[in-house]
Number of protein chains: 2
Amino acid sequence: MRPYTFFERLSKAFHDSASLSKILVVSTISGGGLMVYSEANASYSNNGVETGTKRKKKVVLLGTGWAGASFLKSLNNSSYEVQVISPRNYFAFTPLLPSVTCGTVEARSVVEPIRNIARKNVEMSFLEAECFRIDPGSKKVYCRSKQGLNSNGKKEFDVDYDFLVIATGAQSNTFNIPGVEENCHFLKEVEDAQRIRSTVIDSFEKATLPGLNEEERKRMLHFVVVGGGPTGVEFASELRDFVNEDLVKLYPKAKNLVQITLLEAADHILTMFDKRITEFAEEKFGRDGIDVKLGSMVVKVNDKEISAKTKGGEVSTIPYGMIVWSTGIGTRPVVKDFMKQIGQGNRRALATDEWLRVEGCDNIYALGDCATINQRKVMEDIADIFKKADKENSGTLTVKKFQEVIDDICDRYPQVELYLKSKGMHGIADLLKQGQIENGSNKSIELNIEELKSALCQVDSQVKFLPATAQVAAQQGTYLAKCFDRMEQCEKNPEGPIRVRGEGRHRFRPFRYRHLGQFAPLGGEQTAAQLPGDWVSIGHSSQWLWYSVYASKQVSWRTRVLVVSDWMRRFIFGRDSSRI
Amino acid sequence: MRPYTFFERLSKAFHDSASLSKILVVSTISGGGLMVYSEANASYSNNGVETGTKRKKKVVLLGTGWAGASFLKSLNNSSYEVQVISPRNYFAFTPLLPSVTCGTVEARSVVEPIRNIARKNVEMSFLEAECFRIDPGSKKVYCRSKQGLNSNGKKEFDVDYDFLVIATGAQSNTFNIPGVEENCHFLKEVEDAQRIRSTVIDSFEKATLPGLNEEERKRMLHFVVVGGGPTGVEFASELRDFVNEDLVKLYPKAKNLVQITLLEAADHILTMFDKRITEFAEEKFGRDGIDVKLGSMVVKVNDKEISAKTKGGEVSTIPYGMIVWSTGIGTRPVVKDFMKQIGQGNRRALATDEWLRVEGCDNIYALGDCATINQRKVMEDIADIFKKADKENSGTLTVKKFQEVIDDICDRYPQVELYLKSKGMHGIADLLKQGQIENGSNKSIELNIEELKSALCQVDSQVKFLPATAQVAAQQGTYLAKCFDRMEQCEKNPEGPIRVRGEGRHRFRPFRYRHLGQFAPLGGEQTAAQLPGDWVSIGHSSQWLWYSVYASKQVSWRTRVLVVSDWMRRFIFGRDSSRI
């Protein structure tokens, strides 16, 4: 009972001071409780040496998805106190969720407690609650612990922050189509995948019951996937494998009743992939008996039927047993509310600058699916750029003078480099010359501002929006953690590009996304892979690449071992069909 | 599409005949659908050779627990058509449920689809539904598919049987104590174990939230186990290990707040075990900080407090965060209803004879926790026994004459053998002599009926009721399957003991339970084992025995591999605390 008494004694000592007790509460709720406790004690009661120990900056992180977890995993600076708030106390390896829906991988194998993810030297605590309001004025977030909490009726509380990192992700987008919310399954969370799994088994059990006619059985075993993106396609292939490799053995009659339909509003599935992959996938699905209906826009869903409109305007209604809705992402209410507060109400996601700072807010960062980077355009800043390069204020710019700032410009405006690459140009000189030619002055090597404008006018067409993928979120998390780690140091020695519209340099280099490739598993141990440099690989070999990449990307050794052993188990014993 | 057209064609052909279409429905719903179909076809349309193929006897099996699954696993006679009906489509290895509550073993690792359990040569089909009424008059069971089935609103159907095997098990017994049903967790099903697991994690997360005082946190982390039987004790030890080995690392502050209390109404825990085990367990729990309150009878539960009465009549009320109720078993409604119909309304479980046939019913068998064997008493049949032994009707019985029937008597009345053993007697002669001595006639070796009565009058005290354990249920299932396998053969050549009150012999030898020992895991890699011959072993060695016995008893290789790998994973990585 020793530590407890010590704890109680401390508790009493801090009882009267409001600010101290707030820190106390924050500390005691933390995963690192007792240790934190004694540290707080050290910094506040060392009679008078308060100035010697600096108050830790409090970082509140909302969300434990890819962005949040990778931020937490990379943050490595003990001068922060991190408070993580999320309705789920674990990180989930979402790219394996389609595998979880059919039991190829177990739910438990793709999750890791968030408390295990933070580094030991970072003081981190976790609250299982949902943030429902962000107040940038008072620097507070308001949270609600999830339904069913039975503690005194109190469910809401607020938390102060010095820095706020918003990484709440997005929610499924129903496009307000009637009946979708009520009747469809989504595939964002681990629980969704578990529910889909038991619904699939249920469908087979239901279709086995007596008193049903052939038509009803067929309806129950009609699985509809809406959305031909990577998730929808992977789920459809997983389901097909599950049915053909495992379920038909136990429900042999079902084989001829099962139907899988994939509805896609666009003209092709997997449109974000190379055309070769799209074609291969459509052909393979045709062979596998997955009915791909392209150009089908869902207009209505009720409890037994789904209605879709073709491009010709014809509406057809199909009876279904289960629908998985995987069409895109929408904004979460808390983010929507916050966007309204800061005047971004008409946007789809939180706009940040290239350093992931929410536009117009101090010390608030947003990353992952809830945010988009608002890349500054060259043409918006063209006058300032000219001024920065033209140091002597001569009104003209030589190529040589411009080359002195070009690295900073390319750092600040990545579209410049992309544009050069897309035009096959080797350097900025080529581009500037083009500006002069267009203005008819081929003779000189000096440009005026109009000539510079004309040279760079096409550059901004290369501004790219980042896709809402795990890869982007993870890289953003790591980037932001590295910025936080070196905040103090970079304050003194900024390492970013020149400030075009101000003095000095930016503290950090802006975030730059490196695309490492993308997979689309197509079932039957075949995967399509699109790797950097538009290298496309389809088939069994990319399936093995997929296995090794996904195994290596696991967040912990525990999940790595579990995922690999799940795969082995599936090879040996097949997937389990018990309804649990 | 070939098989399907064939199927449709058949469907039409049988459409007009009511009895045929019934068979049709029964066949098509089966897991073995198409094959069954063609067999039905074979027996019904081979113009005129109907007599050549015998109609298969239909066995309806209710339940997929230990009794049902072991029946199914052992049945090996293709002349039956088995229809299994149960609300769950899998068998669960229930002795590992306490391990599932804390994630030592995963839920998926202890279940096996029931369709995988039946032998290939037995025609088996499964319906996921709950039987709510048994009608022995019309030889039908009435079933309801579980809530949420959305097929035409129809949820009920009936199934005919030739033989009915009732193996529905029992439910938790709340003893009608107010508030138990609403506020306590039970531990009968896999879902119960999963719910307990997430409630434990929830409790830790809730206790971490701000705005709570010390007392509330303590309440939330107070886990109460009611019932000191093997399940309750094992759960308490598992929970203690989970908290001490894994959770304290992630929630270090919780260590001093967690409290585990075990309430037991009797004077000791584990009363069905040897006294040495009970003492060891109580002492170990004391050392481990599990508060064992003996002689505490729960009288009331509300949403935050549990009230228990001591033997002295004093009622104390304890605040709790979670209660696991594990005190004993009660009768399921369908069994209760059936018992009323057959005049057993005032019993706790279905009474069967020693061949597991429900008393007073034709072709209905009951086994496992829903049934008890009503062992026939020697004294009830003493006159008939005398008559059988005294073949010449001389009115007296020599020991020699009695010895001719003694094997049959011992087979029919196992208590005779138990009595001899308990008295240290070597044969029936000793017992009969005792009867003569008591009647004062030491001189002769002949007994009259009064002397026989007096010799055997104590024997029935050895009648033993079987415990409601997995071991009993499994042995009963295997026994009954073997009887079914040889039903025809034993009809002709009965192999049971002489019928005392009738002519000839019983078809089968009666069921005889062989106790193989019992384990009580006590946490910290220590297990108490009580093996046959009252051999007691406590400690780490019996933990390894436990591991090997439980691994070997798994119903399939898949679950065996999974369970063993779960144990290994736990050794290496600990238990996961993600709330899924």
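**Salt bridges, burial and a domain interface in a predicted model**

Q: Is B:Lys284 buried or exposed in this predicted model?
A: The relative accessibility of B:Lys284 is 5%. The cut-off for burial is under 20%. B:Lys284 therefore counts as buried.

Q: Which residue joins its side chain to that of B:Lys284 in a polar contact?
A: B:Lys284 sits in helix H10 (residues 275–288) of chain B. Leaving aside residues up to four places away in sequence, B:Lys284 touches B:Leu522, B:Gly523, B:Gly524 and B:Gln526. The side-chain polar contact, at 2.6 Å, is with B:Asp288.

Q: What separates A:Arg287 and A:Glu283 along helix H10 (residues 275–288) of chain A?
A: A:Arg287 and A:Glu283 form a salt bridge, with closest N and O atoms 3.7 Å apart. Both A:Arg287 and A:Glu283 are exposed. Because the two are four residues apart in this helix, the separation is about one helical turn.

Q: Are B:Arg240 and B:Asp241 buried or exposed?
A: B:Arg240 and B:Asp241 form a salt bridge, and their closest N and O atoms lie 3.5 Å apart. As for accessibility, B:Arg240 and B:Asp241 are both buried.

Q: How many residues apart are B:Lys401 and B:Asp390?
A: The closest N and O atoms of the salt bridge between B:Lys401 and B:Asp390 are 3.1 Å apart. The pair links distant parts of the chain: B:Lys401 belongs to helix H13 (residues 399–412) of chain B, while B:Asp390 lies in the loop between helix H12 (382–389) and strand E22 (397–398), a spacing of eleven residues. Both B:Lys401 and B:Asp390 are buried. The number of residues asked for is eleven.

Q: Which residues of chain B belong to the salt-bridge network that includes A:Glu106?
A: A search of the whole structure finds 83 salt bridges over all chains. One network links A:Glu106, A:Arg197, A:Asp566, A:Arg569 and A:Asp576 with residues of chain B. Those chain B residues are B:Arg108, B:Glu112 and B:Arg558.

Q: What share of the residues of chain A count as buried?
A: The secondary structure of chain A comprises 20 helices and 26 strands. Among its contacts with a separation of 6 or more, 64% join residues 24 or more positions apart. Of the 580 residues of chain A, the buried share is 56%.

Q: Where does domain 3 of chain A lie in the sequence?
A: The domain assignment splits domain 1 of chain A into 55–173 + 330–375 + 465–514. Domain 2 of chain A covers 184–327 + 516–573. Domain 3 of chain A runs over 378–462.

Q: Which three residues supply 45% of the area that domain 1 of chain A buries against domain 3 of chain A?
A: The C-alpha centres of domain 1 of chain A and domain 3 of chain A are 36 Å apart. Their contact takes 16 residues from domain 1 of chain A and 13 residues from domain 3 of chain A. Between them the two domains bury about 1300 Å², with 46% of it on carbon and sulfur atoms. Supplying more than any other three residues on the domain 1 side are A:Gln375, A:Val500 and A:Arg512.

Q: How many charged residues has the side of domain 1 of chain A that touches domain 3 of chain A?
A: Across the interface of domain 1 of chain A and domain 3 of chain A there are five salt bridges and nine residue pairs in polar contact. By class, the domain 1 side has five nonpolar and four polar residues, and the charged residues number seven.

Definitions and conventions
Residues are numbered from 1 along each chain as its sequence is written. Chains are lettered from A and ligands numbered from 1 in the order in which they are written. This is a predicted model: local features need pLDDT of at least 70, side-chain atom pairs count only at pLDDT 80 or more; totals for chains, interfaces and linings use all residues. Side-chain values use heavy atoms; hydrogens and water are left out. Domain bounds come from an automatic or database domain assignment. Contact means heavy atoms within 4.5 Å. Buried area is the accessible area (1.4 Å probe) that two parts lose on being put together, summed over both. A salt bridge is a side-chain nitrogen of Lys or Arg within 4 Å of a carboxyl oxygen of Asp or Glu. A polar contact is a pair of N or O atoms within 3.5 Å; within protein, one must be able to donate a hydrogen and the other to accept it, and residues adjacent in sequence count only if both atoms are side-chain atoms. Ala, Val, Leu, Ile, Met, Phe, Trp, Tyr, Cys and Pro count as nonpolar, Asp, Glu, Lys and Arg as charged, and the others, Gly among them, as polar. Buried means under 20% relative accessible area, exposed over 50%, partly exposed in between (1.4 Å probe, protein chains only).
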